[in-house]
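The following paragraphs lead the reader through a structure, beginning with a ligand and ending with the backbone. Please keep the sequence and the model at hand while reading.

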Amino acid sequence: MARVVLDRVTKKFGEVAAVNDVSLTVFDREFLVLVGPSGCGKSTILRLVAGLEDVSSGEIRVGDGLVNDVAPKDRDIAMVFQNYALYPHMSVFDNLAFSLKLRRVPKQQIRQRVQQTAATLGLEGLLERKPKQLSGGQRQRVALGRAIVREPQVFLMDEPLSNLDAQLRVQTRAELIKLHRRLEATVIYVTHDQVEAMTMGSRIAVMRDGVLQQMDTPTGLYDRPANMFVAGFIGSPSMNFLSGRLERHNGSLQVTAGDLVLDLPPERAAGADSANTQEVVVGVRPEDVQPAASLVPNGHRPINASVDVVEHMGNEKFVYLSLANASLVARIDVSCPASAGENLPVVVDAGKIHLFHPATEEAIF
Amino acid sequence: MQLELPATSLPSAGLQSLRFRVTAGRFAYGLLLILPSLVFLLPFTVWPAIKVVVSSLFLADIAHPQPSFIGLGNFAAEFGNEVFWQVMRNTVLFAGFTVPLSIGLALLLAVEVNKKLRLVGVFRTALFYPTILPTVGAAAIWLFVYAPGLGLADRFLGLFGSYDHNWLGDPALVLPALMVMMIWKQTGYFMVFYLAGLQGLPQEVFEAAALDGARGWRMLRSLTIPLLSGTTVFVSTIALIDSFQTVDQLFILTQGGPNNASNLLLFWLYQEGFRNFNFGRASAVTVIMMALLLAVSLVNYRQLDRAAHYES
Ligand SMILES: Nc1ncnc2c1ncn2[C@@H]1O[C@H](COP(=O)(O)OP(=O)(O)OP(=O)(O)O)[C@@H](O)[C@H]1O
Ligand SMILES: [Mg+2]
């Protein structure tokens, strides 16, 4: 059982809390993705779990044991560093074999395991080379190989694909997912990349300024963001935010934001009602803004918007719209006609909007 | 269709002179770049070196105020002199022990004081301190350390029952005694180079090794030492040159004695020149020493080239 538990973990560097009171549980064999803006403490969390830094307070458990005072080498954890950290004076073979040699694995077995790992990662032809003689992508794979060859209980990966080109990244991503299934290990994976986060993680933890914002499945995060930060961070293009008002109107709840007037469906009205507020921030995902013609106008009132910019993405397009006193991004089908300067009446799916407190930025329901 | 150029139209002579002019231009440019160092190296290093090689071929002692050419006679005389061989043996022993020991110790100390320990600044300063002392002053201190019976060395050994050694008067003890002082004097100096080297190494590589299970001696052997090989080559070159040039402490402590047991090459050179007033022989010893140092540096710098690509 290689569960990883962080219990109210804080790490301070001087006065700055790089990790602030974070509690989270990574289940056995789970693939947890850690995301957040630069400097939010992702690497620091990995380093704490690995034992490269000591916690300022709180507890870390790996498996069933408390590891706060366990040396890194005894935690049975492998880490892939953000900048590879290969042993520059050793060949690829020796880089992979190093940990096995230290564990006094028999030579024959070392050779076999290194070759097997190299085959998995497509490194067979490179075993005699030094890191200097490898491309960035090859180095990255060696770094992965060095972690894999040990067959540890827990993998920590710090943006392991960040230096690969787009194609290699997609390919390696798929490899990693397969690998994770085969190795049956627990993985904590740090990334900046939305797509990586959404496609790889069984759950995603979103961090900001050292504080854990939310932890959920990819769809859970996307559909039910806990606050405006998570809502804006997950999804591309970002969620639209409009300031608006919540009003009772003929017995039903209505949200008004400029020209936009939406009747909340009854199942959502209950939650919003209990929030007991009038000022709200309305969050609308770009795909929930559609040209008026393509949606049944059932409780949806079309609003007038003019098109500022159109970005063609191939299979879809992003349309930047101006409303009377707000702007919106819509994500629409390529077949929908829209060009800059034109008017485009749009409707917003009232059932899918998000509401947030303007002050606390927390989701209202 | 073949395009034929009339041979006469090829300005081959002109081309050649152009090529020459280009090469000459590049040469002049290169010369210009090294000119500042040349201005100092030529009169103060190259010229004296040439002069010393020339004078090593002349008989020039008190009996011969007018030097006369004797070919390799001075070298033959040195090679036939028992004292010269004893001095060579002493020098090689001295370098052979002090260089690896002071370098090894410097590396270990550097690794220690590179850790985030309390008072680490104090330790660094204390270890570097002997380097700042002038050698002559340091030698005076060690004169007291080695004072028979009363000195620090004997007092310390007295704790274990063995007392009263004539450190500097006993032919068997004098060279080791000088080595200890040399190591004490040099280690802090080399430690500073290693400290700089260590701080230039990528931290993550060591962290990766820690996760892979390396610790202590294994970490040192498998990572620290190979990764610092560039520094080691550099430091060992300096260390070798320094050990060949050891002379100050001999003036204060032993004068090369007893019975040449602690005589080293540079002091012997001094004795040939300014005690025996045989400038021809002194020049010959100088040439031998230059040849040795040159050979050592060449070997070392070849290794530096090989080691350089470890550093990332
Ligand atoms: N050794 C350290 N000393 C002082 N401050 C540090 C140290 N390491 C990290 N920090 C600070 O802690 C915060 C979190 O750093 P961390 O490296 O965990 O960020 P990150 O989320 O991994 O960022 P990135 O995405 O850019 O890699 C940052 O503000 C950083 O400046
Ligand atoms: Mg990071």
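**The surroundings of ligand 1**

Helix α1 of chain A, residues 42-50, contributes the most to the shell around ligand 1, supplying three residues. The model under discussion is a predicted one. The residues that surround the ligand are A:F13, A:A18, A:S38, A:G39, A:C40, A:G41, A:K42, A:S43, A:T44, A:Q82, A:E159 and A:H192. By character, this shell consists of three nonpolar, seven polar and two charged residues.

Several polar contacts can be located within these surroundings. In the side chain of A:S38, a polar atom lies 2.5 Å from an oxygen atom of ligand 1. The side chain of A:S43 has an N or O atom at 2.6 Å from a ligand oxygen atom. With A:C40 the contact involves the backbone: one of its polar backbone atoms is 3.2 Å from an oxygen atom of ligand 1. On its own, ligand 1 has 640 Å² of accessible area, of which the protein covers 59%.

**A sheet in chain A**

Attention may now turn to the strands. Strands of a sheet pair through backbone hydrogen bonds, in either a parallel or an antiparallel manner. In chain A, three strands form an open sheet in the order β16-β17-β18, and their pairing is antiparallel. Strands β16 (306-312) and β18 (327-333) of chain A occupy the edges; each has a single partner strand, and therefore one side of each is left without a neighbour in the sheet. On average, neighbouring strands of this sheet are turned by 25° against each other, direction ignored.

The pairing of β16(A) with β17 of chain A, residues 316-322, extends over six bridges. Within chain A, A:E311 stands opposite A:F318 of β17(A).

**Particular points of the backbone**

Most peptide bonds are trans, and most residues other than glycine have a negative phi. Where does the model depart from this pattern? The bond between A:S236 and A:P237 is a cis peptide bond, with omega of about 0°. A:P237 belongs to the loop between α8 (228-233) and β11 (240-249) of chain A.

Two residues that are not glycine have a positive phi: A:R104, at about 55°, and B:N260, at about 65°. A:R104 is placed in the loop between α2 (92-102) and α3 (107-121) of chain A, while B:N260 is in the loop between α11 (248-253) and α12 (265-274) of chain B. Are these residues buried or exposed? A:R104 has a relative accessible area of 73% and is therefore exposed, whereas B:N260, at 18% relative accessibility, counts as buried.

Methods
Residues numbered from 1 in each chain as written. Chains lettered and ligands numbered in written order. Predicted model: local features only at pLDDT ≥ 70, side-chain atom pairs only at ≥ 80, totals over all residues. Heavy atoms only, no water. Pairing = 2+ DSSP bridges. Helix = DSSP H or I, 4+ residues; strand = E, 2+ residues; numbered from the N terminus. Axes fitted to C-alpha atoms, helices over the stretch in contact; angles between N-to-C directions. Near = heavy atom within 4 Å. Polar contact = N/O pair within 3.5 Å; in protein donor to acceptor, adjacent residues only side chain to side chain. Areas by Shrake-Rupley, 256 points an atom, 1.4 Å probe, with all protein chains shown as cover. Nonpolar A, V, L, I, M, F, W, Y, C, P; charged D, E, K, R; others polar. Buried < 20%, exposed > 50% of the residue type's maximum accessible area, 1.4 Å probe, protein only.
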